[in-house]
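Hi everyone, thanks for coming. I'd like to walk you through one model today, so let me put it on the screen.

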Amino acid sequence: MFLKRLLYSYTKSGHHLGPFRTAQSPAATTTHFPGLPSLRARLSSSLDFKDDPSVPGTTSLFNIKKTIKASPFECVDGFVCIRTVCPVCHTEPGSDQVSAKETIYINKTTGTFTCSACRHLGRWEYIEKFFVPYGKSAKTVQEMRKLRDVFLDSKKGGPAPVELPGGLAIVDEKLAGEICGELGLDGIPPASLVQVASRWDARYKHLYVPLVDVESAVVGYKVLSIEKNELVERTVPDTNCSGLIYLKCLAESKTVASAKSKDQSSAILVLNVWDLLALSTAKINATAICLPHDLKSLPQQCLPGLERFQKLTLWFNYDTAGWDIARNYARKLEERRCMFVRPTDAHPTPAKALGLGLDLKLIYGKAQPILHQSITTFHSLRQDVLSELQNIDKVQGVKWRRYPTLNKLLKGHRKGELTVLTGPTGCGKTTFMSDYSLDLALQGVSTLWGSFEIRNTRLATTLLRQMAGRPLDVNLSEFDHWADEFEQLPVYFMTFHGQQPIKVVMDAIEHAQYVHDIQHVIIDNLQFMMGVSEESKHLDRYWKQDAIIASFRTFATRKNCHVTLVIHPRKERDTDDLTTSSIFGGAKASQEADNVLIIQDKRLTSVRGKKYLQIAKNRYSGDLGIMPLDFDKLSLSYAQKRKKTEPTAGGESLELVPSQ
């Protein structure tokens, strides 16, 4: 305990020294604290390597490159990842000889590494110490060998390898023709099923297509089957699959063997196997690649498999959702090398284009860069405007199922917007926001919760109860069922609680948006990031709040992600209605926000008082109004009652709207 306090006091004092700390020599440090280097070595050897790799790291890209270049290993700078030799799997610390050149990929944005040999995913801090510089002493090498053994042991408890089910038939060209008929894959060349190494289950009529990693090892598979006369596709595993499906296309008709041997620098990214197979009919000299999880997410473990391609063309669903996701994916893949087939009726997905008899090569040739270098004329925006007009319903955003009144007023939940929710203390802001966000998460909107006011356990309990629609403490037998259902939702929680600096919170949010493709961020509430620390007591609180709101506004626009901020109002008389001017702080919150929602609670000031949600600002359509909030205590939900139907004398049904 004394040694830990000594180390803490030393590092704390060094932090306050600022620039003078770097001026001290290592010798001077050892003189004043002779036991410090060995103490740090012992503490570092006790690190827990099983920590969550999704937690953002603190090391800069410059330091990562500097550390690798100081070691005996080569540092190759790619588009998204840094590629080098894994210093753990098949090397001895302190030795210049590499017995087997297993490759490790280090993400430039997150610092997360992926080893191609063992597919272990972890943070840069866990492997940084293994890049031993030249000339280290034997004692250091011995300590590194022990630490290496601990690191390798920690990887043994990872996920089990994914294997294809047994008893599957290897697909050849003769069998492939029969499969195309069984699954309705009209116009698909049978040779393409052979090239992707597919397998066939004749008993259940299922086609298995393996997903492979950067080293061509099978890490998952796609299953295609016919259900209700439609082709259905699912991925195993259903989350964080690190594999892709590759299909080499040629400009001229050639054999499968020549297609495998031809090196290609361009790739076309599609979302399903049918689109992938359809591209084999086009005379395009590129590699068609199927992503593992459709529009849900693009795991960062997949990025090393795309490093070798100089040009990537994203050919997704021709709706606004596909366009928005494509822009998010392009940021992960390096926007400068990304092209996109604009989402219009004239440019459908490859499978639909093949069915309509359109020229796939002609559509591919009209792909445009994700980034406009300079937009000076309407011609540059013409296709984007056409796409928005053709998909006007989807442009309006995701519709709420529990709040039809919000759909009439706000039209939908749209990406890239900033929403402010306010209301008096105790009016149920957090409860409403959890119900509001659960509605969207059930429709696939990936959500990041930042609850600084209540613990994540309590928040998750509320969300689970709202999802079940009944109290689970008296229905414990149903807990496992609803817990399993909730685990499938794309909902993530930040572990912060209480006062937090804005920089730390923004780092975590940007990291989560990159890794988990977050579409909706909720901050409950903003006042907990304004801080009461010694350093911030001299700052103007209004100025600080404006700076925080500006950070979230910039993030929402730049990352095309919806941000919802819960802000307490100023203390006003209970009899007065809250307005946009009632939001605590300056006017920036209401100015920057696209939507302002106010919970008005009149139950304590009037005998017949009601509680309702007021839409006080709506930048998208300008429609304002109110939505009554009737609280159901059993389900902890404000969901609006559905319309009831009663039969009429003629046998027809008549919809009756509950009185409000």
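**A cavity to start with**

Let's begin inside: β3 provides the largest share of the lining of the largest cavity, with three residues. This is a predicted model, where local features need pLDDT of at least 70, side-chain atom pairs count only at pLDDT 80 or more, and totals for chains, interfaces and linings use all residues. Residues are numbered from 1 along each chain as its sequence is written, and side-chain values use heavy atoms, with hydrogens and water left out.

Strands β3 (103-107) and β4 (112-115) each supply at least two residues of that lining. Helices (H or I, at least four residues) and strands (E, at least two) are DSSP runs, numbered from the N terminus. The lining of the largest cavity consists of Cys81, Tyr105, Ile106, Asn107, Thr112, Thr114, Leu121, Gln300 and Pro304, and the volume of this cavity is about 50 Å³. On a 1 Å grid over the protein atoms alone, a cavity is a set of points where a 1.4 Å probe fits but cannot get out, while a pocket is an open set with protein on both sides within 12 Å along at least five of seven lines; lining residues have an atom within 4 Å of a point. Grid points are joined across faces, edges and corners, and a volume is the space filled by probe spheres set on the points. By this rule there are three cavities of 30 Å³ or more.

**How far to trust it**

The mean pLDDT of the protein chain, the predictor's confidence in each residue from 0 to 100, is 79, and 77% of the residues reach 70 or more. Over residues 1-51 the pLDDT stays under 50, and the model has 32 contacts there beyond four places in sequence; contact means heavy atoms within 4.5 Å. Residues 256-261 are also below 50, with eight contacts beyond near neighbours in sequence. Where pLDDT is low, the predicted coordinates should not be read in detail.

**The largest pocket**

Now to the open side of things. The largest pocket has a volume of about 1400 Å³. Which residues are closest to its centre? Of the 47 that line this pocket, they are Asp238, His293, Asp294, Lys296 and Ser297. Among the elements giving two or more residues to the lining are β9 (218-227), β10 (230-236), α11 (273-279) and α21 (502-516). Strand β10 gives the most, with six residues.

**Strand β22**

Next, a strand I'd like you to find on the screen. All seven of the seven residues of β22 are buried, so this strand is largely enclosed by the rest of the structure. Buried means under 20% relative accessible area, exposed over 50%, and partly exposed in between (1.4 Å probe, protein chains only). In a regular strand the side chains alternate between the two faces of the sheet. Here both faces are covered, with Asn595, Leu597, Ile599 and Asp601 buried on one side and Val596, Ile598 and Gln600 on the other.

What about the neighbours of β22? Two strands pair if DSSP finds at least two bridges between them. Strand β17 (residues 418-422) runs parallel to β22, joined by four bridges, and Leu421 has Leu597 as its bridge partner. Strand β23 (residues 611-618) runs antiparallel to β22, with seven bridges, and there Val596 is partnered by Lys617.

**Salt bridges**

The structure holds 18 salt bridges, each a side-chain nitrogen of Lys or Arg within 4 Å of a carboxyl oxygen of Asp or Glu. One of them joins Arg553 and Asp594 at 2.7 Å, N to O. Arg553 lies in helix α22 (residues 541-559) and Asp594 in the loop between α23 (588-592) and β22 (595-601), so the pair ties together parts that are 41 residues apart in sequence. Both Arg553 and Asp594 are buried. Lys65, Asp77 and Lys108 are joined into one network by salt bridges that share partners.

Buried or exposed, where do Glu417 and Arg414 fall? They form a salt bridge with the closest N and O atoms 2.7 Å apart; Glu417 is buried at 10% relative accessibility, and Arg414 is buried at 6%.

By contrast, let's look at Lys205 and Glu182, whose side chains meet in a salt bridge at 3.6 Å, N to O. Lys205 is partly exposed at 36%, and Glu182 is partly exposed at 43%.

That's my tour, and I'm happy to take questions.
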